[in-house]
Amino acid sequence: MPTIKSFIQGFLPGIALKIFLILLPSILMFMSKVEGLTSVSSLERRSASKYYIFLFFNVFLASIIAGSALEQLQTYLHQSANQIPRTIGVAIPMKATFFITYVMVDGWAGVAGEILRLKPLVIFHLKNFFLVKTEKDRDEAMDPGSIGFDSNEPQIQLYFLLGLVYAVVTPFLLPFILVFYVLAYVVYRHQIINVYNQEYESAAAFWPSVHGRIITALIVSQLLFLGLLSTKGAGQSTPVLLVLPVVTFYFHKYCKNRYEPAFVEYPLQEAMRKDTLERAREPGFDLKTYLASAYIHPVFKGGDDDEKFSMMDEAEADQVLVATKRQSRRNTPVPSRHNGSEAPSLPEIVNDQRL
């Protein structure tokens, strides 16, 4: 029947794609768990990286390359490989209208849906009607959860990529992205402070991944800009502009070597405090013997080893008071200007042990 055929061809593919995009974060989270990651922050970081790669290829590149291939199929079939960047450079301005619509529909509507939270509202009423029996059940049904960095953060960075690519190609797209970021700042700031629960503290462990994706967006925008210039009769400037991706890449390497260790390693002051507490609590602790079986699965360990190297319980830990503040500051009574803080004092150590 023509009516059913037109409905299937027009609506079902979009509905199927939307359902898949809704289920995709859960699928990526399951894949990250299969990899062996255990902490919630590491799971969300890995899922966010995968989700960003999917959005980059499926939304950005597929919309540019696939769309231009359908429109210029004969050109792709009868041209050499070195002409493909020129064809992509021609296709970038042609897709500006599509991305303006995408930012308005997905970005603006997504922010509005975030502040309305219709889906959690419906789920709460369903749980309240069928499942809630006690006040504890009601509190669990009203739990807003966390903000979901694994799905929200890659979408925000996709709009940042669109802004970088179209900043010099079609600047008319920038006001739409600017409006999205203003709305997103107001809405997500309110949601983080007043609505969502903080499930963990990652100590800014997301930032190296975010910084890497920002650098990737810069390099992609520069390469696509080179392809666009090659279509405008400015081929002589292309070799000069090739310096931009190289300099951007070396800037990323510098930032990675200079700042990334602060996100994955303990500061020297924190390491010194941990070592001091360990020596005071267990003076006869044999580190070499402990490391010989520290990374063996507990199933393959004997009961004696577990008892021998078991940690002190909280009651015993509270009784241990160790002064980890250095006493060599007699000549420098003023706190250091470089680290912004003094060494931990004895009351701070006691409070940390109790927490």
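**View 1. Arg46 and its salt bridge to Glu35.** Arg46 is partly exposed, with a relative accessible area of 36%. The model shown is predicted. The side chain of Arg46 forms a salt bridge with that of Glu35, at 2.3 Å from N to O. The two residues sit in distant parts of the chain, eleven residues apart. Arg46 belongs to helix α3 (residues 40-71). Glu35 lies in the loop between α2 (12-34) and α3. Glu35 is also partly exposed, because its relative accessible area of 44% falls between the 20% and 50% cut-offs.

**View 2. A buried salt bridge between α11 and α9.** Arg213 and Glu153 pair through their side chains, with N to O at 2.9 Å. This salt bridge links distant parts of the chain, 60 residues apart. Arg213 comes from helix α11 (residues 207-230). Glu153 comes from helix α9 (residues 149-166). Both Arg213 and Glu153 are buried.

**View 3. Lys256 and Glu260, and the salt-bridge network.** A salt bridge joins the side chains of Lys256 and Glu260, at 2.8 Å from N to O. Lys256 is partly exposed, at a relative accessible area of 37%. Glu260 has a relative accessibility of 25%. That value is over the 20% limit for buried, so Glu260 counts as partly exposed. Elsewhere, Glu35, Arg46 and Lys50 are joined into one network by salt bridges that share partners. In the whole structure, the search finds four salt bridges.

**View 4. Ser221 in helix α11.** Ser221 is located in helix α11. Is Ser221 buried or exposed? Its relative accessibility is 10%. Buried means under 20%, so Ser221 counts as buried. Leaving aside residues up to four places away in sequence, Ser221 touches Leu164 and Val165.

**View 5. Helix α11 against helix α13.** The axes of α11 and α13 (residues 243-259) come within 9 Å. They cross at roughly 175°. Angles over 145 degrees count as roughly antiparallel, so α11 is roughly antiparallel to α13. On the α11 side, the contact uses His211, Gly212, Ile215, Leu218, Ile219, Gln222 and Leu223. These meet Leu244, Pro245, Thr248, Phe249, Phe251, His252 and Cys255 in α13. What kinds of residues make up the contact of α11 with α13? Nine are nonpolar and five are polar. No charged residue takes part in this contact.

Technical notes:
Residues numbered from 1 in each chain as written. Predicted model: local features only at pLDDT ≥ 70, side-chain atom pairs only at ≥ 80, totals over all residues. Heavy atoms only, no water. Helix = DSSP H or I, 4+ residues; strand = E, 2+ residues; numbered from the N terminus. Buried < 20%, exposed > 50% of the residue type's maximum accessible area, 1.4 Å probe, protein only. Contact = heavy atoms within 4.5 Å. Axes fitted to C-alpha atoms, helices over the stretch in contact; angles between N-to-C directions. Parallel < 35°, antiparallel > 145°, perpendicular 65-115°, else oblique. Nonpolar A, V, L, I, M, F, W, Y, C, P; charged D, E, K, R; others polar.
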